[in-house]
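Colleague: I'd like to learn how to read a protein model. Could you walk me through one, feature by feature?

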Amino acid sequence: MLRIATRRSALARAQATQIGLALGGDFELVPMATTGDLHPDRAVEAFDTKGLFVDAIRSAVAEGSCDLAVHSAKDLPSDPVDGLTIGAYPRREDPRDVLITTDGHLLASLPSVATVGTSSARRRLQLLRVRPDLQVLAIRGNIDTRLRKVADGELQAVVVALAGLRRLYTAEELGGVGPLGLPLKAVTLEPGECLPAPAQGALAVECRSDDAVTLGTVAAIDDTATRVAVDAERAFQRTLGGGCLTPIGALAKIDGPKIELAGMLADPVRRRVLRQTATGTVDAPLDVARDLAKRILQMGGDAMLRTIEAQVRAGHAG
């Protein structure tokens with residue numbers, strides 16, 4: 001029996017169950033709390049550590065109390081961990097973000113000065129780039145909690161990942177009365193409006209590097225196109241060198257032998273957003289990622305990263 005480490009949230013357990021079933025169904029979920037889960041009232045930016053939502057899970061696999069971990073790939077720090085490896089990236093779900101309202105508003109049609117909730121600086125800065133009049137508020141909590149804030153009128157909209165909605169709710173719920181039976185409607189945000197986080201929509205199955213049996217088992221669900229895209233997006237993030245809280249977006253599109261990688265870096269204080277694209281071949285995704293990162297840095301990203309680093313240091317010192 002495979003012991004699968006996972007966060008305790010409904011979404012995390014749904015994702016881990018999906019992987020367990022894909023691997024044959026003989027599995028046990030081992031839910032646990034990560035550093036980020038233990039402090040639900042603190043803004044993500046307040047933490048001075050990487051891997052907020054994967055630390056305890058990774059430790060369980062490394063120590064041998066679990067055989068593998070199922071992560072939302074976007075939560076993984078871009079730097080590898082000694083003794084652990086990504087054994088599989090299953091086929092990716094739609095990586096885009098969605099705008100949730102009661103009336104099915106597009107981003108452009110939201111009322112003036114509408115209140116929009118998100119936990120992500122990446123999303124906040126891109127929303128303000130398109131609609132600088134919006135009041136974008138920081139929120140924490142699981143997807144259910146965020147959706148209820150809109151249904152109860154506390155917020156006029158929230159932005160969440162489409163992949164999470166699809167893994168938690170049926171197509172009928174998303175296309176009919178709404179998730180949780182609430183009068184909510186979801187409108188997809190296109191990458192031109194809001195570029196996703198690197199690896200958003202993908203799951204990462206992490207195992208011990210020396211566990212040949214488990215690695216051989218999970219290899220059956222590895223999707224080559226997903227791995228190429230995620231490797232490129234994560235390499236772009238890693239090459240930029242920003243911290244885990246730096247607002248970075250990336251999305252790779254694969255068309256036969258070609259890959260196009262779009263990337264974004266933003267300054268949370270000045271609200272400046274840098275966007276660029278690079279193209280190449282699928283057999284050299286890391287070259288494309290490095291080329292894209294170089295372009296962003298030459299556009300002013302180098303100075304922007306130094307500013308962000310100084311802001312983070314000042315915030316933790318305070």
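Modeller: Here we go through confidence, overall make-up, a strand, a helix, cysteines and some unusual residues.

Colleague: How much of this should I trust; what is the average pLDDT of the protein?

Modeller: Start with the fact that this is a predicted model. pLDDT is the predictor's confidence in each residue, from 0 to 100. In this protein the average is 90, and 89% of the residues score at least 70. Residues 43-48 fall below 50, although that stretch has 19 contacts in the model beyond near neighbours in sequence.

Colleague: Thanks. How many helices and strands are there in the protein?

Modeller: The protein has ten helices and 13 strands. Of its 318 residues, 48% are buried. If you take contacts between residues at least 6 apart in sequence, 69% of them join residues at least 24 apart. The surface comes to about 14,100 Å², with carbon and sulfur atoms supplying 50% of the exposed area.

Colleague: Let's pick a strand. How many of the residues of β3 are buried?

Modeller: For burial, the cut-off is under 20% relative accessible area. Strand β3, residues 68-72, has five of its five residues buried. Look at the two faces: L68, V70 and S72 lie on one side, A69 and H71 on the other, and both sides are covered.

Colleague: And which strands does β3 pair with?

Modeller: Strand β1 (residues 2-7) runs parallel to β3, joined by two bridges; I4 has L68 as its bridge partner. Strand β10 (residues 203-208) runs antiparallel to β3, with five bridges, and there H71 is partnered by A204.

Colleague: Now a helix. Which residues of α1 are buried?

Modeller: The general idea first: an α-helix has 3.6 residues a turn, so residues three or four places apart point the same way. In α1, the buried residues are L11, A12, Q15, A16, I19 and G20. Their cover includes strands β1, β2, β3 and β10, along with helices α5 and α6. The helix itself, residues 10-22, spans 18 Å between its first and last C-alpha, close to the 18 Å expected. Just after α1, G24 has a positive phi of about 120°.

Colleague: As a biochemist I always look for cysteines. How many disulfides are there?

Modeller: A disulfide is a covalent bond between the sulfur atoms of two cysteines. In the model we look for a pair of cysteine sulfur atoms within 2.5 Å, and by this rule the count is zero. Two cysteines worth finding are C194, which is buried at 1% relative accessible area, and C207, buried at 0%.

Colleague: Which residues does Q126 touch outside its own stretch of sequence?

Modeller: Q126 sits in helix α4, residues 121-130. Setting aside neighbours within four places in sequence, Q126 contacts E193, C194, L195, M264 and R275. Q126 counts as buried because its relative accessible area is 1%. You can also compare sequence with space: Q126 and V273 are 147 residues apart along the chain, yet their C-alpha atoms are 7.3 Å apart.

Colleague: One last item, backbone angles. Where are V113 and R271 found?

Modeller: V113 is in the loop between β5 and β6, and R271 is in the loop between β12 and β13. V113 has a positive phi of about 60° although it is not a glycine. R271, also a residue other than glycine, has a positive phi near 60°. As for the surface, V113 is partly exposed at 40% relative accessibility, and R271 is partly exposed at 47%.

Note on methods:
Residues numbered from 1 in each chain as written. Predicted model: local features only at pLDDT ≥ 70, side-chain atom pairs only at ≥ 80, totals over all residues. Heavy atoms only, no water. Buried < 20%, exposed > 50% of the residue type's maximum accessible area, 1.4 Å probe, protein only. Helix = DSSP H or I, 4+ residues; strand = E, 2+ residues; numbered from the N terminus. Contact = heavy atoms within 4.5 Å. Areas by Shrake-Rupley, 256 points an atom, 1.4 Å probe, with all protein chains shown as cover. Pairing = 2+ DSSP bridges. Expected span 1.5 Å × (residues − 1).
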